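Colleague: I am new to this protein. Could you take me through the model?

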Amino acid sequence: MKTTKLTAGKKAWITRRKNLNKVENLTPAQKAWVTRKKNTGKKVKVFEDNKACSGKEIVRMYLEKFTIESAEKFGIKRGIVPTLSATKCRMERILNQNEILRELKYIPIEMGLKNFRELGDNIKKEKWGFMQQPIHSKFFDVIKNFKEDSCAHVFADFCKTFITHEKDVITILAKNMVVVGGNIWITVSQRGCKGTYNKLKTLIKSFDNYEILDIPKAYAKYRDGGGMVSIVIRRVK
Ligand SMILES: C[S@@+](CC[C@H](N)C(=O)[O-])C[C@H]1O[C@@H](n2cnc3c(N)ncnc32)[C@H](O)[C@@H]1O
């Protein structure tokens with residue numbers, strides 16, 4: 001009998017299909033996206049600005065679920081959210097589609113001049129009232145001035161490594177910037193840094209007032225240029 005050897009690509013494709021079956025509690029739009037993914041097994045461009053791979057998109061779905069949960073269980077329905085936004089504000093627009101999250105106001109911080117200008121222009125042109133005009137700065141230089149309990153959530157979707165952003169992460173956690181029940185989304189690159197996922201988790205666990213929310217590891221570690229790690233945590237006390 002002839003046996004077929006699977007290539008690494010085919011194996012990865014099968015794993016991705018299996019993983020998609022594990023995702024629960026999706027909105028109709030997300031379900032449609034997953035169905036299309038399953039049917040083609042390829043990257044599917046669904047939204048006009050969706051350049052992300054499936055891993056990142058699924059992290060976004062979890063973040064949406066967690067943010068709704070914060071509103072429903074802890075009453076976090078309004079307040080400010082410092083964010084590292086994409087120029088078309090994809091994540092924030094997804095959240096703003098939910099009635100219960102309409103009063104959250106996002107403060108985009110962008111250090112890249114080109115992205116900063118594009119982001120500002122898009123917000124103005126599209127009249128995205130839930131987005132403030134962006135601040136042209138390094139994230140750290142803005143958040144270092146925030147006080148305890150000053151934010152509903154913090155979205156720190158960084159591009160560089162944990163070593164580069166360790167100071168930012170410690171500052172967000174140690175200052176208790178988010179209110180109890182609020183979430184902190186942290187993404188860092190694993191490029192050249194073995195064990196990033198565990199290092200990030202160890203740092204978070206050294207604070208006793210945060211809980212790591214469950215994103216299956218298959219999605220928490222995803223490829224997007226370099227390999228990325230995304231973790232969402234909630235302040236519990
Ligand atoms: C990964 S992208 C954000 C993607 C977006 N959150 C999404 O869901 O698609 C990160 C953006 O923040 C900017 N950025 C990264 N690190 C930053 C930092 N430390 N300070 C300010 N801007 C930063 C980058 O230039 C980039 O435009």
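Some questions and answers on the fold, the core and the ligand follow.

Modeller: This is a predicted model, in which local features need pLDDT of at least 70 and side-chain atom pairs pLDDT of 80 or more, while totals for chains, interfaces and linings use all residues. Residues are numbered from 1 along each chain as its sequence is written.

Colleague: What percentage of the 237 residues count as buried?

Modeller: A residue is buried if 20 or more other C-beta atoms, placed from the backbone, lie within 10 Å of its own. Of the 237 residues, the share that meets this is 33%.

Colleague: Which helix gives the largest share of the largest nonpolar core?

Modeller: Such a core is a set of buried Ala, Val, Leu, Ile, Met, Phe, Trp, Tyr and Cys residues joined through C-beta atoms within 7 Å. The largest one has 49 residues, and Val81, Val154 and Ala156 are among those with the most contacts inside it. Its largest share, six residues, comes from residues 54-74, helix H3.

Colleague: Which strand gives the most to the shell around the ligand?

Modeller: Helices (H or I, at least four residues) and strands (E, at least two) are DSSP runs, numbered from the N terminus. At least two shell residues each come from helix H4 (90-96), strand S2 (103-110) and strand S4 (154-161). The most, three residues, come from S4.

Colleague: How many residues of the shell around the ligand are charged?

Modeller: Asp, Glu, Lys and Arg count as charged. The shell also holds eight nonpolar and three polar residues; the charged ones number four.

Definitions and conventions: A residue is buried if 20 or more other C-beta atoms lie within 10 Å of its own, exposed if 12 or fewer, and partly exposed in between; C-beta atoms are placed from the backbone.
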